[in-house]
Amino acid sequence: MVTGKDRQKQLAREHYERQLRARAEREQKSRRAAIIGTTAAVVVVIGGVVAATTLLGSDDGDATAAASASARSQPLANDPKPYDPAKGTCGYVPDEGSGQVKNVGMPPEQVSTAPATMTIKTNLGDIVAKLDSEKAPCTVNSFKFLASKDYFDDTKCHRMGTDFPILQCGDPLAKADGKNPTDGQGGPGYRFANENLAGAKYTRGVLAMANSGPNTNGSQFFIVYGDTGLSPDYTPFGTVTKGLEIVDKVAKKGVIASPGGDGTGAPKQPVVIKDVTITSKS
């Protein structure tokens, strides 16, 4: 028998999936847009300028969520190269269709697969995670780079679900006040390939990348504090080993309801990332 609570979780999960498909479709269309030049014979194809809200970003409403399911599975032009184990390199490419950008440069292509630990210092205490550098080397390398540039310092986690148990962070320009329409659109201005998707599960403690379609990873990520039942489309790159109770306490405070009424929104208890440090073992 399906309980009311289980049905509520299912509806929340399906709502997120519809949002993602709609955003992926819009991003695909914007990237295919052509602008006619000064003469009829000149056509210049450019990257889209419409910002796609990442994964669990601002609510678009179900009316716009009827996009084709195939949209999210279609790769973008100029896709970043995945990890090359022979060379030990990852590809990072400019994200022409990104919205709100905090540009600190591009990560180095050469990466390390040595074990790493990330400490997220927040206004409520430390959240510590073991990073999976072997299975998600491009993701971990990007986080190392951004952390070294103080990219995450004084940023706010902008979205939380209650029936859908995630806390989403990593938008460097989010206000997390329930009013800012661009929350969930921020990023570093580059993107990289999905990783570690085979058999991916998004259970309590998992750290995973938010995205707006295949190979659109930037800086936004989410912490899972329950069972989400998400499909394997979001790069899992670590597991929280300390501090998950902080997220539990924030969830109990509730959220500032988003316009879509899907049970998500900015957490009522602000979560501010003060600093991110990553240490590696040689």
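Biologist: Which side chain meets Asp-126 in a salt bridge?

Modeller: Keep in mind that this is a predicted model. Side chains of opposite charge can pair when their charged atoms come close. Here the gap is 3.2 Å, N to O, which fits the cut-off of within 4 Å. The partner of Asp-126 is Lys-121.

Biologist: And is Lys-121 buried or partly exposed?

Modeller: Buried would mean under 20% relative accessible area, and exposed would mean over 50%. Asp-126 has 30%, so Asp-126 is partly exposed. Lys-121 has a relative accessible area of 35%, so the answer for Lys-121 is partly exposed.

Biologist: How many salt bridges does the count come to?

Modeller: Asp-126 with Lys-121 is one of them. Arg-191 with Asp-79 is another, at 3.4 Å, N to O. The count comes to 4.

Biologist: How many residues apart in sequence are the parts that Arg-191 and Asp-79 tie together?

Modeller: Arg-191 lies in strand 11, residues 190–192. Asp-79 lies in the loop between strand 2 (43–45) and strand 3 (92–94). So the pair ties together parts whose separation in sequence is 112 residues.

Biologist: Is Arg-191 buried or exposed?

Modeller: Its partner Asp-79 has 24% relative accessibility, so Asp-79 counts as partly exposed. Arg-191 has a relative accessible area of 0%, and the cut-off is under 20%. That makes Arg-191 buried.

Biologist: Now for strand 17. Which residue in strand 17 stands opposite Ile-120?

Modeller: Strand 5 (residues 116–122) and strand 17 (residues 272–280) run antiparallel, and 7 bridges join them. Opposite Ile-120, strand 17 has Val-276.

Biologist: What is the bridge partner of Lys-156 in strand 17?

Modeller: Strand 7, residues 155–156, also runs antiparallel to strand 17. The two are joined by 2 bridges. For Lys-156, the bridge partner is Val-272.

Biologist: Which side chain meets Lys-274 in a salt bridge?

Modeller: Lys-274 sits in strand 17, and its partner is in the loop between helix 2 (137–148) and strand 7. The pair links distant parts of the chain, 120 residues apart. The N to O gap is 3.2 Å, and the partner is Asp-154.

Biologist: Last one: is Asp-154 buried or exposed?

Modeller: Lys-274 has 41% relative accessibility, so Lys-274 counts as partly exposed. For Asp-154 the value is 53%, and the cut-off for this class is over 50%. Asp-154 therefore counts as exposed.

Key: Residues numbered from 1 in each chain as written. Predicted model: local features only at pLDDT ≥ 70, side-chain atom pairs only at ≥ 80, totals over all residues. Heavy atoms only, no water. Pairing = 2+ DSSP bridges. Helix = DSSP H or I, 4+ residues; strand = E, 2+ residues; numbered from the N terminus. Buried < 20%, exposed > 50% of the residue type's maximum accessible area, 1.4 Å probe, protein only.
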